Amino acid sequence: MNNRRAMVAGNWKMNKTLTETSELLKAMVTLLSGFSKVDIVVCPPFTNLSLARLETGESEVKVGAQNMHWQEKGAFTGEVSAAMLAEFCDYVILGHSERRVLFAETDETVNKKVHTALEHGLKPIVCVGESLEQNQAGQTAAVVEKQCRESLKDLNAEQAKQVVIAYEPVWAIGTGLAATPEGANEVHRDVIRPVLRELFGAETGDGVRILYGGSVTPDNAADLFGMSDIDGGLIGGASLKAESFVAIVRAANDAR
Ligand code: PEP
């Protein structure tokens with residue numbers, strides 16, 4: 001328990017057509033009112049962002065993208081810029097492990113994206129997390145610390161206030177094997193938070209939210225969000241159904 005406002009963000013990945021997006025958001029928006037202690041974000045694919053903005057309207061549900069390019073514009077076939085996203089989105093997920101593993105993203109490119117996103121008023125949700133091999137080799141703290149330092153390089157404290165960190169151990173994503181609440185809390189409290197305090201000062205560092213992601217469900221959400229340093233969740237699979245996403249938002253609200 002702490003003073004930071006909770007957040008629950010849904011990463012839809014490459015799921016949902018326009019029709020499905022409309023149906024899901026209509027159901028969610030009705031059910032997601034009145035959770036006054038949680039920032040709620042949905043991150044559909046690029047093609048659905050405009051519709052998502054229309055469907056969420058003036059509701060408490062905000063829209064985020066799942067990626068972007070760091071350049072302003074130009075010959076980057078297939079890419080989308082921050083200025084394009086800023087017309088529909090408040091947030092953008094950057095450095096998700098699927099982008100790092102499948103699309104060769106590095107801390108360096110994530111860092112460029114974080115800077116560009118902030119210049120356009122987008123709040124970055126920066127993902128960090130160790131692989132199974134790194135976890136088993138006892139490298140979690142070193143890997144996560146390096147990802148945080150390099151992804152957040154050259155930000156000032158004012159910019160850091162707009163950033164959200166998502167700790168997502170790669171072995172927990174989409175596997176049904178969530179980290180234990182104590183294990184995730186330890187990484188948040190003893191690895192990520194000290195880096196934030198060192199980089200941005202104690203006050204700003206303490207204010208940055210650190211979400212947990214990796215097989216969060218309605219069954220484990222309350223235990224995770226009840227931990228001292230877990231400020232909410234980045235949700236994959238369970239964000240694709242209104243019922244499970246709403247139950248997770250409720251757990252975050254009740255934990256505050
Ligand atoms: C994710 O992809 O960010 C994620 C946490 O997925 P899941 O909840 O399905 O593990």
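1. Helix α9 has a long list of buried residues: Pro181, Ala184, Asn185, Val187, His188, Val191, Ile192, Arg193, Val195, Leu196 and Phe200. Buried means under 20% relative accessible area, exposed over 50%, and partly exposed in between (1.4 Å probe, protein chains only). Helices (H or I, at least four residues) and strands (E, at least two) are DSSP runs, numbered from the N terminus.

2. A word on the source. This is a predicted model, in which local features need pLDDT of at least 70, side-chain atom pairs count only at pLDDT 80 or more, and totals for chains, interfaces and linings use all residues. Residues are numbered from 1 along each chain as its sequence is written, and side-chain values use heavy atoms, with hydrogens and water left out.

3. Back to α9, and its geometry. The helix covers residues 181-200, which is 20 residues. At 1.5 Å a residue these should span 28 Å, and the end C-alpha atoms are 26 Å apart, which agrees. The expected span is 1.5 Å times one less than the number of residues. A kink of about 35° lies at isoleucine 192, shortly before proline 194. That bend is the angle between axes fitted to the seven residues ending there and the seven starting there. Just after α9, glycine 201 takes a positive phi of about 90°.

4. Helix α5 runs over residues 107-119. Its 13 residues should span 18 Å, and the end C-alpha atoms are 18 Å apart, which agrees. Of these 13 residues, 10 are buried, so α5 is largely enclosed by the rest of the structure. They are Asp107, Thr109, Val110, Asn111, Lys113, Val114, His115, Thr116, Ala117 and Leu118. The cover includes α3 (82-86), β4 (91-94), α4 (97-102), β5 (123-128), α7 (140-151) and α8 (157-160). Glycine 121, just after α5, has a positive phi of about 75°.

5. One residue of α5 in detail: threonine 116. Its relative accessible area is 7%, so it is buried. Not counting residues up to four places away in sequence, threonine 116 touches Met68, Trp70, Glu72 and Ala82. Contact here means heavy atoms within 4.5 Å.

6. Cysteine 89 sits in the loop between α3 and β4. With a relative accessible area of 5%, cysteine 89 is buried. Its C-alpha atom is 5.0 Å from that of glycine 64, although the two are 25 residues apart along the chain. Leaving aside neighbours within four places in sequence, cysteine 89 is in contact with Leu49, Val63, Gly64, Ala65 and Leu122.

7. Serine 239 belongs to the loop between β8 (232-235) and α12 (242-254). At 0% relative accessibility, serine 239 is buried. Its side chain reaches the backbone oxygen of glycine 236 at 2.7 Å. Beyond neighbours within four places in sequence, serine 239 is in contact with Gly10, Asn11, Trp12, Leu24, Met28 and Phe245.

8. Two lysines in the loop between β1 (6-11) and α1 (18-31) deserve a check. Lysine 13 lies in that loop, and so does lysine 16. Phi of lysine 13 is near 55°, a positive value in a residue other than glycine. Lysine 16 is not a glycine either, yet has a positive phi of about 90°. Lysine 13 is partly exposed at 21% relative accessibility. Lysine 16 is partly exposed too, at 28%.

9. Last, charges over rings. The charged end of arginine 99 sits over the ring of phenylalanine 103, 4.2 Å from its centre. Lysine 123 lies over the face of tyrosine 91, at 5.3 Å from the ring centre. The cut-offs are NZ of Lys or CZ of Arg within 6 Å of the ring centre and within 35 degrees of the ring normal.

Note on methods: A polar contact is a pair of N or O atoms within 3.5 Å; within protein, one must be able to donate a hydrogen and the other to accept it, and residues adjacent in sequence count only if both atoms are side-chain atoms.
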